Amino acid sequence: KQQWHAPTVVTNSRYYQAVRHLHEAAHHWSRAAFSLDSLLPSDLDPAALERARLLSRIAHTQQARLWVLIEEVRADGETWHAQQDTEVSA
């Protein structure tokens, strides 16, 4: 939102870059969760396995938070684009 009055090309670039980085972050959390979920009881002692399960839940939560943030950024981007279209046609 701080860039709403910057040139359209700059704002578009930053918007798409932010969404791309958020997608990449969500992907990394997904990979981390998958790795933790792949651990078997034979791989670790019970305490370490429980800790891995906790970390996996944290990773899934972070991934879900990123998806919410991605949707918020997209909504702001759509609002900005609609505002730009209104200003151009006015």
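Start with the contacts across the whole chain: of those between residues at least 6 apart in sequence, 67% join residues at least 24 apart. Keep in mind as you look around that this is a predicted model.

Now colour by secondary structure. You will find 2 helices and 0 strands. Switch on the surface next: the chain exposes about 6,500 Å², with 59% of that supplied by carbon and sulfur atoms. Of the 90 residues, 20% are buried.

Time to look at charged side chains. The chain has 3 salt bridges, and we can visit them in order.

**First stop: helix α1.** Select residues 8-37 to show helix α1, then pick out Arg 20 and Glu 24, which sit 4 residues apart, about one turn of the helix. Their side chains meet in a salt bridge, 3.5 Å from N to O. Arg 20 is partly exposed, at 45% relative accessible area, and Glu 24 is partly exposed too, at 38%.

**Second stop: Glu 50 and Arg 57.** Select this pair and display the side chains; the closest N and O atoms of their salt bridge are 3.9 Å apart. Glu 50 has a relative accessible area of 46%, so it counts as partly exposed. Arg 57, at 45%, is partly exposed as well.

**Third stop: further along helix α2.** Select residues 46-89 for helix α2 and zoom in on Glu 71 and Arg 74, 3 residues apart, about one turn of the helix. Here the closest N and O atoms of the salt bridge lie 3.1 Å apart. Which relative accessibility does Arg 74 have? The value for Arg 74 is 29%, which makes it partly exposed, while Glu 71 is partly exposed at 45%.

Conventions:
Residues numbered from 1 in each chain as written. Predicted model: local features only at pLDDT ≥ 70, side-chain atom pairs only at ≥ 80, totals over all residues. Heavy atoms only, no water. Buried < 20%, exposed > 50% of the residue type's maximum accessible area, 1.4 Å probe, protein only. Contact = heavy atoms within 4.5 Å. Areas by Shrake-Rupley, 256 points an atom, 1.4 Å probe, with all protein chains shown as cover. Salt bridge = Lys/Arg side-chain N within 4 Å of Asp/Glu carboxyl O.
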